[in-house]
Amino acid sequence: VMYDNMRDLRDSTMLYFQVVILAATVMLAYYCEFTDTFSPAQQGFICRDPTLAKPDPGPEQDSLIQPVILYSVVGGLPVISSVELVIFLLHSNSLYDQDKIVVMDDCCYVNPMVRRTFRFLGVYIFGLFSTDIFVNAGQLVTGSLAPYFLSVCQPNYTALSCQDTAYFVSQSDACTGDPDDVMRARKTFPSKEAALSLYTAVYLAMYITSCVGSSGGRLTGPLLSMSLVGLAVLTGINRVAEYRNHWSDIIAGQVIGGAIAVFLLCGVFMAAAKHLGFISVPMLTGKSDTLPRVSHTSQLCHVI
């Protein structure tokens, strides 16, 4: 009884601690995204630089992949809920053989699917906002210029003595264009759209592959995973085709998004699985202590 009470106290403390971390992450992302508390670095440019002289593609709403579509998919509850529903149905006879699960002593019961969905959403949302923070930090520190920077900056080349195309302009007041457009053109590295889209794709792809396994057929998991990653890659290619980002912006954003997704699933969930005894540690024990009923492809599902 004492052990159970200590375990419940530890779980409650960790739950509150995780809620505080998630709330702090959301607040920091809000300050980076929707306030002018932080300003990007003022990076200079070379007169008539062809890599910065692409035509202005217009606001993000004119893009083929509009922000409302991207963010609806990235943060959309229907997508995540659908993934959980599919996995729940595929494993209804093995992973969900209990009608109810006890939480918070003996007073509250919750359906296994609801429990899994909330745990899945908690880690997913934390990674989503963490990706946003890393991307915003990179954009603010580098102040990298967009391919259309000169089109919105509209510098006065005569006043800046830009007869020589190799002349470097470092004045912060060199631009005469709209300040909001200039500010937007200074925040491109890394690409936020590329980072968020690949984070979502890799996170869901790894999760689906781990949980579906052979229950949905040999090609179901790989097909869904490749489709998600393919859509994320196309999002990055579209950003380059519309002159909104450089290739380096896209690659850096995708590396950040993919790395965070892999860390959360492999680093966090697999560490929890090892702690719970679902993963054997031959190097430490000298023998496998993996539970026979837990397959390698469903270890992640058992942890969640």
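## Exercises on salt bridges, burial and a pocket

The side chains of lysine 192 and aspartate 132 meet in a salt bridge, with 3.7 Å from N to O; a salt bridge is a side-chain nitrogen of Lys or Arg within 4 Å of a carboxyl oxygen of Asp or Glu. This is a predicted model, in which local features need pLDDT of at least 70 and side-chain atom pairs count only at pLDDT 80 or more, while totals for chains, interfaces and linings use all residues. Residues are numbered from 1 along each chain as its sequence is written, and side-chain values use heavy atoms, with hydrogens and water left out.

**Exercise 1.** Work out which parts of the chain the pair of lysine 192 and aspartate 132 ties together, and decide whether lysine 192 is buried or exposed.

*Solution.* Step one is to place the residues: lysine 192 lies in helix H7 and aspartate 132 in helix H4, so the pair ties together parts that are 60 residues apart in sequence. Helices here are DSSP runs (H or I, at least four residues), numbered from the N terminus. Step two is to look at accessibility, where buried means under 20% relative accessible area, exposed over 50% and partly exposed in between, with a 1.4 Å probe and protein chains only. Lysine 192, at 7%, counts as buried, and aspartate 132 is buried too, with a relative accessible area of 10%.

**Exercise 2.** Find how many residues apart aspartate 181 and arginine 184 lie in helix H6, and classify the accessibility of each of the two.

*Solution.* First, the side chains of aspartate 181 and arginine 184 meet in a salt bridge at 3.2 Å, N to O. Next, both residues lie in helix H6, 3 residues apart, which is about one turn of the helix. Finally, aspartate 181 counts as partly exposed at 26% relative accessibility, and arginine 184 counts as partly exposed at 22%.

**Exercise 3.** Name the residues that are linked with Arg244 in a network of salt bridges.

*Solution.* Begin with arginine 244, which forms a salt bridge with glutamate 242, their closest N and O atoms being 2.8 Å apart. Both arginine 244 and glutamate 242 are buried. Then widen the view: the network links Glu60, Glu193, Arg239, Glu242 and Arg244.

**Exercise 4.** Determine which residues of helix H2 are buried, and where on the helix they lie.

*Solution.* In H2, residues 67-74, the buried residues are Pro67, Leu70 and Val74. Seen down the axis of H2, these buried residues fall within an arc of 70 degrees (taken from the directions from the helix axis to the C-beta atoms), so they line one face of the helix.

Methods: Helix = DSSP H or I, 4+ residues; strand = E, 2+ residues; numbered from the N terminus.
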